[in-house]
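Reader: I would like a close look at one part of this structure. Please pick one strand and walk me through its surroundings.

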Amino acid sequence: MAISSAAKMAPVVITLVTDGARCLLARQSSFPKGLYSALAGFCDIGESVEEAVQREVAEEVGLEVESLQYSASQHWPFPNSSLMIACHATVKPGQTEIQVNLRELEAAAWFSLDEVAAALMRKGSFTQQQSDALPLVLPPKLAIAHHMIKKWVETQTSSLPA
Ligand SMILES: NC(=O)C1=CN([C@@H]2O[C@H](COP(=O)(O)OP(=O)(O)OC[C@H]3O[C@@H](n4cnc5c(N)ncnc54)[C@H](OP(=O)(O)O)[C@@H]3O)[C@@H](O)[C@H]2O)C=CC1
């Protein structure tokens with residue numbers, strides 16, 4: 001089926017926040033069990049990408065973005081067409097206390113490099129999660145969130161002392 005040239009896609013910022021050592025991942029109650037992802041949110045009319053990132057991070061987890069860097073973009077067809085704009089953001093190391101906005105998220109937490117790297121290596125599917133102590137599950141490869149998390153792990157790993 002041809003897509004109408006009048007069809008619109010909405011810009012969405014998706015942000016992987018780090019404090020330099022850990023990355024911040026969050027989940028909504030609608031996510032499969034154990035799944036955590038980067039913070040996502042629709043851009044408001046009149047906002048720049050930078051403003052949308054700062055607003056979303058503040059609204060969802062109560063943190064102030066110190067610096068941010070554009071990473072990549074992706075067309076995301078679910079549930080309606082969005083343009084995912086991926087950014088990596090840092091907060092000040094001393095200002096990392098998360099205040100989860102429970103109207104938008106079920107949970108948010110800092111994860112260490114080891115935890116995230118182990119989750120990337122794991123080959124489990126969502127349906128295999130049966131115990132209460134769920135291992136961290138990351139978004140699938142088709143999602144830009146997966147690639148942002150992978151890039152963060154690679155960058156952190158390459159900066160470790162030999
Ligand atoms: N590719 C990836 O890696 C990822 C993609 N995503 C995608 O990012 C998008 C945003 O994520 P998230 O904020 O969690 O989304 P949600 O679906 O939770 O939507 C959040 C709010 O945005 C409103 N909304 C829905 N559509 C639009 C629109 N076109 N413009 C403005 N506001 C809208 C909704 O209101 P209402 O209920 O009234 O419609 C809802 O209150 C989703 O489409 C999600 O699928 C998210 C994470 C990872």
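Author: What follows is a short tour of strand 1, its partners and the ligand. The model is predicted. Strand 1 covers residues 10–18.

Begin with the pairing. Strand 1 pairs with strand 5 in the parallel sense, and 9 bridges link the two. Strand 5 spans residues 82–90. One contact to find is Val-17, whose bridge partner in strand 5 is Ala-89.

Now turn to strand 3, residues 39–42. Strand 3 pairs with strand 1 in the antiparallel sense, over 4 bridges. Look for Thr-15 here: its bridge partner in strand 3 is Leu-39.

Strand 2 comes next. It takes in residues 22–27, runs antiparallel to strand 1 and is joined to it by 2 bridges. Val-17 appears again, this time opposite Leu-24 of strand 2. Strands 1 and 2 make a hairpin, with 3 residues between them. Gly-20 sits in that turn, and its phi is positive, about 105°.

Finally, the ligand. A shell of 16 residues surrounds the ligand. Strand 1 supplies at least two of the shell residues, and so do strand 3, strand 4 (67–76), strand 5 and helix 3 (144–158). Ala-10 is among the residues that come nearest to the ligand, along with Ala-40, Phe-42, Ala-143 and Ala-145. What classes of residue make up the shell? It has 12 nonpolar residues and 4 polar ones, but no charged residues.

One general point helps when you view any strand. Side chains in a regular strand alternate between the two faces of the sheet.

Note on methods:
Residues numbered from 1 in each chain as written. Predicted model: local features only at pLDDT ≥ 70, side-chain atom pairs only at ≥ 80, totals over all residues. Near = placed C-beta within 6 Å. Nonpolar A, V, L, I, M, F, W, Y, C, P; charged D, E, K, R; others polar. Pairing = 2+ DSSP bridges.
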